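Let's take a friendly walk through this structure, one helix and one cluster at a time. Have a look at the view below, and then we can go through it together.

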Amino acid sequence: SVPWPRARYTAVEVNVLGFAAMAYTAFHYFCERGAGHLVGVSSIAALRPHPDRPAYSASKAFACNYLRSLRLKAKKLGKNIAVTDVMPGFVDTPMLAGTKGLFWVASSEQAAREIYAAIQARRRLVAHRWPGNVRELENAMHRAVLLSSGPEIEEFAIRLPDGAPMS
């Protein structure tokens with residue numbers, strides 16, 4: 001058998017179990033109050049997985065869908081609970097130093113300003129550095145997968161909402 005590295009187990013444990021426990025607790029607190037605003041952080045990796053970090057990408061997809069489900073549940077229950085999913089892209093931090101193939105990298109100050117403004121506006125989804133909305137990004141990624149002819153998505157297949165190539 002192939003052992004699963006502890007680091008991957010920890011990513012799933014923290015990003016799935018820890019996230020779900022905190023979001024569940026906050027959601028029920030807001031339900032009791034009748035209103036609130038739950039803000040969770042997933043990642044753009046929820047929509048655009050990274051080949052070197054499958055456990056991380058999958059755990060962020062869980063967070064994204066969990067928040068979507070809580071938003072639907074609040075609506076079904078008739079509660080005034082806003083749910084915001086912050087999906088940061090690449091932010092210029094020491095963690096990214098030397099990483100190749102990055103695009104739309106933002107400073108941490110710029111990312112913080114954009115995220116803060118979106119939370120103040122009670123937006124549902126915050127996709128950092130995408131020149132459109134997150135649904136457009138998701139649709140672009142789905143189109144790119146359909147157009148791909150192999151195991152990797154060619155750059156030409158990813159198009160912006162106006163049809164221009166992403167590069």
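In helix α3, the residues Ala-111, Ile-115 and Ala-118 are buried. Looking down the axis of α3, you will see these buried residues fall within an arc of 60 degrees, so they line one face of the helix. Turned away from that buried side is a face of α3 carrying the exposed residues Glu-109, Arg-113, Tyr-116 and Gln-120. Please keep in mind that this is a predicted model.

The length of α3 can be checked too. Helix α3 covers residues 108-120, and its 13 residues, at 1.5 Å a residue, should span 18 Å. The end C-alpha atoms of α3 are 18 Å apart, which agrees. After α3 comes Arg-122, which has a positive phi, near 60 degrees.

Now for the interior. Which residues touch the most other members of the largest nonpolar core? Of its 14 residues, these are Phe-19, Ala-23, Phe-27, Leu-38, Tyr-66, Leu-70 and Ile-81. At least two residues of this core come from each of α1 (6-33), α2 and β2 (80-87). The element giving the most to this core is α1, with 6 residues. Another core, of 5 residues, lies apart from this one and includes Ile-44, Ala-46, Leu-47 and Cys-64.

Tyr-66 is a good place to pause. Setting aside neighbours within four places in sequence, Tyr-66 is in contact with Phe-19, Ala-20, Ala-23 and Tyr-24. Tyr-66 also takes part in ring pairs, which link Phe-19, Phe-62 and Tyr-66 into a cluster. A search of the whole structure finds 3 aromatic pairs, including the two in this table.

| Ring pair | Centre to centre | Angle between planes | Type |
|---|---|---|---|
| Phe-19 and Tyr-66 | 6.3 Å | 80 degrees | edge-to-face |
| Phe-62 and Tyr-66 | 5.5 Å | 25 degrees | stacked |

The pair of Phe-19 and Tyr-66 links distant parts of the chain, with Phe-19 in helix α1 and Tyr-66 in helix α2, 47 residues apart. Phe-62 and Tyr-66, on the other hand, both lie in helix α2, 4 residues apart, about one turn of the helix. How buried or exposed are the two partners of Tyr-66? Phe-19 is buried, with a relative accessible area of 15%, while Phe-62 is partly exposed, with a relative accessible area of 30%.

Polar residues deserve a look as well. Asn-15 is found in helix α1 and is buried, with a relative accessible area of 16%. The side chains of Asn-15 and Ser-59 are joined by a polar contact of 3.2 Å. Not counting residues up to four places away in sequence, Asn-15 touches Thr-10, Tyr-56, Ser-59, Lys-60 and Phe-62. Phe-62 thus appears again here, as a neighbour of Asn-15 and as a member of the ring cluster.

Which residues does Ser-57 touch, not counting residues up to four places away in sequence? They are Ala-45, Ala-46, Pro-49 and His-50. Ala-46 is also one of the residues of the 5-residue core. Ser-57 has its place in helix α2 (residues 54-77), and Ser-57 is buried, with a relative accessible area of 4%. With the cut-off for buried at under 20%, that value of 4% puts Ser-57 in the buried class.

Definitions and conventions: Residues numbered from 1 in each chain as written. Predicted model: local features only at pLDDT ≥ 70, side-chain atom pairs only at ≥ 80, totals over all residues. Heavy atoms only, no water. Buried < 20%, exposed > 50% of the residue type's maximum accessible area, 1.4 Å probe, protein only. Contact = heavy atoms within 4.5 Å. Core = buried A, V, L, I, M, F, W, Y, C linked by side-chain atoms within 4.5 Å. Polar contact = N/O pair within 3.5 Å; in protein donor to acceptor, adjacent residues only side chain to side chain. Expected span 1.5 Å × (residues − 1). Arc of directions from axis to C-beta. Phe/Tyr/Trp six-rings, centres within 6.5 Å; stacked < 30°, edge-to-face > 60°.
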